[in-house]
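Q: I am new to this structure and would like a close look at a single part of it. Please take me through how two of its helices pack against each other, and then through what lies around them.

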Amino acid sequence: MDKQIVNGFSSNELQELFHKAHLAKHRAHCPYSQFRVGAALLTTTGKIYTGCNVENAAYPLSTCAERTAVVKAVSDGEKSFKKIAITSDVEIGFTGPCGSCRQTLAEFGLDMDIYLISPNNEAKMYTLRDLLPIAFTPQDLQKPRASHDIIL
Ligand SMILES: [Zn+2]
């Protein structure tokens, strides 16, 4: 599962994606957790949508950076995603997407690359398929279902 820990994700596309994730982190509204997160989502059409976490005094209404980026993209007509970069202020290790964000991303395909980025721009790559095994996806709703129940 642990694909790479590299400083050398050097393509211009990735460096721009990482840069935008770092910038998005600075817009985080996190007065309760003080835990800033930024995300940058690359579509297959080459657009980048950013997101930050947006907390709320009614805590359950808070939204993660990744879901903010997805909502912005989808509301702009984009539903096909290639990569997402996610960063926080954590100095040791990386910050992965929460379960809700993994499921939200899975709605749009499991082959997306997920880059976790440290504050000093080290990165680790996974696929969404790695991070959400046995995912529940829109295809599950198309599967035949039993017409009977066994009640014990
Ligand atoms: Zn999340």
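A: In this predicted model, the axes of helix 2, which covers residues 65-75, and helix 3, which covers residues 99-106, come within 9 Å of each other and cross at roughly 25 degrees. Two packed helices are described by the angle between their axes and the distance between the axes. Angles under 35 degrees count as roughly parallel, and helix 2 and helix 3 are therefore roughly parallel to each other. The crossing in which helix 2 passes helix 3 is left-handed.

Turning to the residues that make this contact, helix 2 contributes E66, R67 and V70, and these meet S100, C101, T104 and L105 of helix 3. Sorted by class, the contact of helix 2 with helix 3 holds 3 nonpolar, 2 polar and 2 charged residues.

One residue of that contact, C101, also belongs to the zinc site, where the protein donors of the zinc ion are the SG atoms of C64, C98 and C101, lying 2.2 to 2.3 Å from the ion. Along the chain, the donors of the zinc ion follow the spacing C-x33-C-x2-C. The pair of C64 and C101 links distant parts of the chain, since C64 sits in the loop between strand 3 (48-52) and helix 2, whereas C101 is in helix 3, 37 residues apart from C64. With a relative accessibility of 0%, C101 counts as buried, because the cut-off for that term is under 20%.

Helix 2 also holds T68, which is buried, with a relative accessible area of 17%. Leaving aside neighbours within four places in sequence, T68 is in contact with G51, C52, V54 and T63.

Two of those partners, G51 and C52, are touched by V37 as well, a residue found in strand 2, which spans residues 37-43. V37 is buried too, with a relative accessible area of 9%. Not counting residues up to four places away in sequence, V37 touches K25, A28, G51, C52, N53, A65, E66, I86, T87 and S88, and of these E66 is one of the residues through which helix 2 meets helix 3. V37 and D89 are 52 residues apart in sequence, while their C-alpha atoms are 7.4 Å apart in space.

Note on methods
Residues are numbered from 1 along each chain as its sequence is written. This is a predicted model: local features need pLDDT of at least 70, side-chain atom pairs count only at pLDDT 80 or more; totals for chains, interfaces and linings use all residues. Side-chain values use heavy atoms; hydrogens and water are left out. Axes are lines fitted to C-alpha atoms, for helices over the stretch in contact, and angles run from 0 to 180 degrees between N-to-C directions. Helices (H or I, at least four residues) and strands (E, at least two) are DSSP runs, numbered from the N terminus. Angles under 35 degrees count as roughly parallel, over 145 as roughly antiparallel, 65 to 115 as roughly perpendicular and the rest as oblique. A crossing is left-handed if the near helix is turned anticlockwise from the far one by less than a right angle, and right-handed if clockwise. Contact means heavy atoms within 4.5 Å. Ala, Val, Leu, Ile, Met, Phe, Trp, Tyr, Cys and Pro count as nonpolar, Asp, Glu, Lys and Arg as charged, and the others, Gly among them, as polar. Donors are N, O and S atoms within 2.8 Å of the metal (3.2 Å for Na, K and Ca); water is not among the atoms, so sites may look incomplete. Buried means under 20% relative accessible area, exposed over 50%, partly exposed in between (1.4 Å probe, protein chains only).
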